[in-house]
Amino acid sequence: GNMKEVPPVGNGELVLIVDDEPVMREIATQVLETHGYHVMQAGNGEEGVAVFARHVDEIKLVISDMEMPVMNGAAMIRSIERINPDIRVISSTGIAAGRDAANCSRNEHGTASPHHRILNKPYRLVDLLRTVDEALKAA
């Protein structure tokens, strides 16, 4: 099994990346744009909600860091889901915060939302691409 993993590619879908670390945003943006996605960026949760509200009809997926100043990832995701309950979300988080991400990806009935994926940092870029592909294709 020495075959190089071929990451899936996008079809021009618009992805919103929310992370307070510019370097993380840039790397993810570069990888996604190279693989067929369009990307918008926001530096914190409040900005993320504002960008999402302006482009609600175009944004297909939100990738959010969970630990951010101003408004954290979980609060932002709840706000975004009030605007569009069907939005696909990937929570990107360090291992320690994985529990929060798991909790925030449960709906009010306590079941995990099929629209949510969790991607632990640090992640491999091929994992990012695969998770994005899975999230967009989820029923």
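Before you click on anything, one cut-off: helix axes at an angle under 35 degrees count as roughly parallel. Keep that handy for a pair of helices later on. Also keep in mind that what you have open is a predicted model.

**Whole chain**

Start with everything shown as cartoon. You should find five helices and five strands, and if you walk along the sequence they follow the pattern β-α-β-α-β-α-β-α-β-α. The chain has 139 residues, of which 46% count as buried. If you like contact maps, pull one up: among contacts between residues at least 6 apart in sequence, 72% join residues at least 24 apart.

**The sheet**

Now hide the helices and select the strands. They form an open sheet of five strands, ordered S2-S1-S3-S4-S5, with parallel pairing. At the edges sit S2 (38-42) and S5 (116-120), each of which pairs on one side only. Look along the sheet and you'll see some turning: neighbouring strands are rotated by 20° against each other on average, ignoring direction.

**Strand S3 and its partners**

Select residues 59-65, which is strand S3. This strand is mostly covered, with six of its seven residues buried. Add residues 14-18 to the selection: that is S1, paired with S3 in the parallel sense over five bridges. To see one of the matched positions, show Ile 17, whose bridge partner in S3 is Ile 63.

Next, add residues 88-93, strand S4, which runs parallel to S3 and is joined to it by five bridges. Here, try Asp 65, whose bridge partner in S4 is Ser 92. Stay on Ser 92 and step outward to the edge: its bridge partner in S5 is Leu 119. S4 and S5 run parallel too, again with five bridges between them.

**Helices on the sheet**

Bring H1 and H2 back. H1 packs on the sheet and touches S1, S2 and S3, with its direction at about 170° to that of S2. H2 also packs on the sheet, touching S1, S2 and S3, but its direction makes about 135° with that of S2.

Zoom in on H1, residues 22-34, and pick Thr 29. Is Thr 29 buried or exposed? Thr 29 counts as buried, because its relative accessibility is 7%. What does it touch, leaving aside neighbours within four places in sequence? Show Ile 17, Val 39 and Gln 41: those are the contacts of Thr 29. You have met Ile 17 already, as the bridge partner of Ile 63.

**The H2/H3 pair**

Last stop: select H2 (residues 45-54) together with H3. For context, H3 spans residues 73-83 and sits between S3 and S4 in a right-handed β-α-β unit.

Two packed helices are described by the angle between their axes and the distance between the axes. For H2 and H3 the angle is about 15° and the axes are 9 Å apart. Recall the opening cut-off of 35 degrees: H2 and H3 are therefore roughly parallel to each other. Their crossing is right-handed.

To view the interface itself, turn on side chains. On the H2 side, display Gly 45, Gly 48, Val 49, Phe 52 and Ala 53. On the H3 side, these meet Met 76, Ser 79, Ile 80 and Ile 83.

Terms used:
Residues numbered from 1 in each chain as written. Predicted model: local features only at pLDDT ≥ 70, side-chain atom pairs only at ≥ 80, totals over all residues. Heavy atoms only, no water. Helix = DSSP H or I, 4+ residues; strand = E, 2+ residues; numbered from the N terminus. Buried < 20%, exposed > 50% of the residue type's maximum accessible area, 1.4 Å probe, protein only. Contact = heavy atoms within 4.5 Å. Pairing = 2+ DSSP bridges. Right-handed = clockwise from strand over helix to strand, strands pointing away. Axes fitted to C-alpha atoms, helices over the stretch in contact; angles between N-to-C directions. Parallel < 35°, antiparallel > 145°, perpendicular 65-115°, else oblique. Left-handed = near helix turned anticlockwise from the far one by under 90°.
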